[in-house]
Amino acid sequence: MKNLMTFSIVFLFTITSVFSQVETCDCNTDLDFVVQNIQKMPSYKKQIKGDKEIQFENLYTSLSEKMEQPVLVEACYKMLLKQMSLVNDVHASLRFKDTYLTTENAKDSAKLSAFKTSELFKNHPKTLRNLSELKEELSKKAIGDLEGIYNYGDQQKIGIYYADNKRDFIGVVLKSQINQWEAGEIKFYLTRTNGLKYDVYYYNTETRTPGLVKSMSFENGRIWSYKKEGNTDNAEIEIENKSNWDFKQINKNVQYVYFGSFSNSSKNKKAFKEFYEKHKNSFNAKHIIIDLRSNGGGNKKHSDPFIKLFKKSKAKIHVLTNSFTGSNSEQFTTKLKDIKGATHLGQTTYGVIAYGTNYGKSYDTPSGHFMITPTDMNFHKYIQYEGKGVSPEIPLDFDRDWIEQTLEIIEKDAL
């Protein structure tokens, strides 16, 4: 029993000590490494010229001066992201490698208690607002306002309110059933970029490590994984657990095709080949609805062969997209729109279209705290959509089934 108690004390002391460390890093060396990788990207070479190059160099100099002494790891992360943000390239990413808390540790009461005594936990950003007053204020916001109270599934309630600059937003935990989070802690920051698009600097729900996701749309009371209370409309989201390759004959005049992914996974490659061979001679209706909702892209070898088939069919093409339609599926959307008589319906796409990763190589920075994934593919001809998305000619309502709405539009046009 004595040995077990001694082990427990030492174990808890070790856990607490690790959590208590306020780590710094040689950010200047990491900055040089990140810049070297950025400068190899097609997006940098296409965009950073003239005044933009001067701006890039001036920011580099300014950040370097702030890094003459070791800086806190998260502060370094934010500065590296700032340098990267001068290149409009949604595919390029810098990830935070450290794990503050594992899913397993969060379920262990002793380890979670140790984490909650750490400086890391204590120093996590918190709102300065009175939570009761904030809840009352946000509960009165209009359903279309970004400010308001949101659900993160059934696990958390998040309050989103304006930052001091009255342009960006802060997401704060109001209530949490997730043990590693407490009311008043800041979950994310929203920085407005273009139109309805926001970059989200967030803290991972499980590990609490920071990260950045770009080009998230605010529409239909949804921003990324957060859905506004009082708005239960979800027509823009495709049916869950649906096959990535689906064909239906809706009626004698209308056919429906769902492409859920063009990924290079072995399973999807096989599914593509089977679907293509089965249906390459099937497209013979007057109208074809092509559903690309939440298709995150992939290889054009799995998308573009259908362009020829759809052109050959002489059908009127109706393309459906949502804000999670991204990458190659966005490029596919623009190609479909070029078919005579085609119509784009639904919601503006993701906006991660002008560049890509062919080899998908990632590199650890010298400090070991971060991992950069630079882009190596050049689709710069789509730059007008990068970070903005491809907008539909006909936006669809969020409170009614999108296929039904499309069929109504087809019937109306036929009159």
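1. Against which strands and which helix do the buried residues of H12 pack? In this predicted model, the buried residues of H12 pack against strand E13 (254-259), strand E14 (287-291), H11, E15 and strand E16 (343-346). Helix H12 itself covers residues 328-337, and because eight of its 10 residues are buried, H12 is largely enclosed by the rest of the structure. The buried residues in question are Asn 328, Ser 329, Glu 330, Gln 331, Phe 332, Thr 333, Thr 334 and Leu 336.

2. Helix H11, one of the partners of H12, also takes part in a helix pair with H10 (residues 266-279), in which the two axes come within 12 Å and cross at roughly 20°. An angle under 35 degrees counts as roughly parallel, and therefore H10 is described as roughly parallel to H11. The crossing of H10 with H11 is left-handed, and in it Phe 272, Phe 275 and Tyr 276 of H10 meet Pro 305, Phe 306 and Leu 309 of H11. By class, the residues of this contact divide into six nonpolar, no polar and no charged.

3. The loop that follows H11 (305-313) and leads to strand E15 (316-321) contains Lys 314, a residue other than glycine whose phi is positive, near 65°. Most residues other than glycine have a negative phi, which is a reason to look at this position when reading the backbone. Lys 314 is exposed, because its relative accessible area is 73%, and exposed means over 50%.

4. A second residue other than glycine with a positive phi is Asn 220, where the value is near 55°. Asn 220 lies in the loop between strand E9 (210-219) and strand E10 (222-223). With a relative accessible area of 10%, Asn 220 is buried, whereas Lys 314 is exposed.

5. Strands E9 and E10, on either side of the Asn 220 loop, belong to a closed barrel of eight strands that runs E4-E5-E6-E7-E8-E9-E10-E11, with antiparallel pairing. Within this barrel, E10 and strand E11 (residues 226-228) pair in the antiparallel sense over two bridges, and the partner of Ile 223 in E11 is Tyr 226. Helix H5 (residues 73-84) packs on the sheet, where it touches strand E8 (197-203) and E9, and its direction makes about 160° with that of E8. Helix H9 (residues 131-138) likewise packs on the sheet, touching strand E4 (148-152), strand E5 (156-162) and strand E6 (169-176), with its direction at about 110° to that of E6.

6. Helix H5 also meets helix H2 (residues 27-38), and the axes of these two helices come within 10 Å and cross at roughly 25°. This angle makes H2 roughly parallel to H5, and their crossing is right-handed. On the H2 side the contact is made by Cys 27, Asp 30, Leu 31, Val 34, Val 35 and Ile 38, while H5 contributes Cys 76, Leu 80, Gln 83 and Met 84. The residues of the contact divide into eight nonpolar, one polar and one charged.

7. Gln 36 is placed in helix H2 as well, and it counts as partly exposed because its relative accessibility is 47%. Where the C-alpha atoms of Gln 36 and Met 216 are compared, they are separated by 28 Å, the two residues being 180 residues apart along the chain.

How values were computed
Residues are numbered from 1 along each chain as its sequence is written. This is a predicted model: local features need pLDDT of at least 70, side-chain atom pairs count only at pLDDT 80 or more; totals for chains, interfaces and linings use all residues. Side-chain values use heavy atoms; hydrogens and water are left out. Helices (H or I, at least four residues) and strands (E, at least two) are DSSP runs, numbered from the N terminus. Buried means under 20% relative accessible area, exposed over 50%, partly exposed in between (1.4 Å probe, protein chains only). Two strands pair if DSSP finds at least two bridges between them. Contact means heavy atoms within 4.5 Å. Axes are lines fitted to C-alpha atoms, for helices over the stretch in contact, and angles run from 0 to 180 degrees between N-to-C directions. Angles under 35 degrees count as roughly parallel, over 145 as roughly antiparallel, 65 to 115 as roughly perpendicular and the rest as oblique. A crossing is left-handed if the near helix is turned anticlockwise from the far one by less than a right angle, and right-handed if clockwise. Ala, Val, Leu, Ile, Met, Phe, Trp, Tyr, Cys and Pro count as nonpolar, Asp, Glu, Lys and Arg as charged, and the others, Gly among them, as polar.
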